[in-house]
Structures are given as C-alpha cells and as structure tokens.
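Work through the exercises below with the sequence and the model in view. Each task is followed by its solution.

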Amino acid sequence: MSVCVAVVGSNGRVGAAVSSHLAEMFDVRWIVRQEDEDAELLVERALDGADIVVNAAGVAHIERPTKLDLERLLIGNVDLPLTIGRAALDRGAHFVHI
C-alpha cells in the first residue's frame with residue numbers, strides 16, 4: 001500500500017525541500033494555493049486521499065508590517081494550520097506542521 005503525503009506550501013523554500021525529500025519514499029502531492037482559492041477548498045484538495053498532510057505554508061519576511069500584513073500573518077500562520085489540523089483529525093489523517 002502506497003502512502004500519500006500532501007505537502008501544503010510546496011512551492012516555498014522549505015516546502016519544496018520537504019516535498020523533494022519525501023518523494024523519494026512516498027507518493028507526494030504538491031499542494032499550492034490556486035488564485036482565488038479559499039482555505040476550505042485548499043484544505044479539501046490537500047486532504048483528498050492523503051494519509052499524511054504536511055503544512056509548510058506560512059507568511060514570513062515582512063520587514064515593516066502594515067495592518068494588512070498582520071492580517072496575512074494571522075491567516076497564514078495561525079488560521080490555516082488550525083484548519084488543516086482540524087480537518088486532518090476529523091478524517092483520521094496524520095498532520096505535521098512545519
């Protein structure tokens with residue numbers, strides 16, 4: 001039986017490295033947010049058939065944050081990981097947050 005690992009944020013530096021490494025051992029799905037895709041659709045796509053979901057998505061490198069940047073930090077670094085983790089728990093998938 002093949003293990004399917006979905007890596008959310010696989011287009012970032014950490015996510016790409018993790019995805020490449022895991023692809024040597026598992027069936028890896030690279031999950032990147034599509035334009036205009038909300039978090040629920042992203043999570044649904046990530047969890048579809050996944051045994052393990054790795055969240056490597058996040059917001060970083062903001063030098064002089066504005067209020068909008070702070071909102072992005074909250075959504076990307078708090079809300080999204082919680083949403084993915086809860087959905088994985090509900091579906092019996094393993095969840096790893098980086």
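Contact here means heavy atoms within 4.5 Å. This is a predicted model, in which local features need pLDDT (the predictor's confidence in each residue, from 0 to 100) of at least 70, side-chain atom pairs count only at pLDDT 80 or more, and totals for chains, interfaces and linings use all residues. Residues are numbered from 1 along each chain as its sequence is written, and side-chain values use heavy atoms, with hydrogens and water left out.

**Exercise 1.** List what Val53 touches, leaving out residues up to four places away in sequence.

Solution. Val53 has contacts with Ala6, Val8, Ala46, Leu47, Ile84, His94, Phe95 and Val96.

**Exercise 2.** Place Val53 in a nonpolar core, meaning buried Ala, Val, Leu, Ile, Met, Phe, Trp, Tyr and Cys residues joined through side-chain atoms within 4.5 Å.

Solution. Step one: the largest nonpolar core has 15 residues, and Val53 is among those with the most contacts inside it, along with Val8, Ile31, Val43, Leu47, Leu80 and Ile84. Step two: E1, helix H2 (39–47) and H3 each supply at least two residues of this core; helices (H or I, at least four residues) and strands (E, at least two) are DSSP runs, numbered from the N terminus. Step three: a second, separate core of six residues includes Val5, Val7, Leu22 and Ala56.

**Exercise 3.** Is Ala6 buried or exposed?

Solution. Ala6 lies in strand E1 (residues 4–8). Its relative accessibility is 0%, so Ala6 counts as buried (under 20% relative accessible area; exposed is over 50%, partly exposed in between; 1.4 Å probe, protein chains only). Beyond four places in sequence, Ala6 touches Arg29, Ile31, Ala46, Ala50, Ile52, Val53 and Val54.
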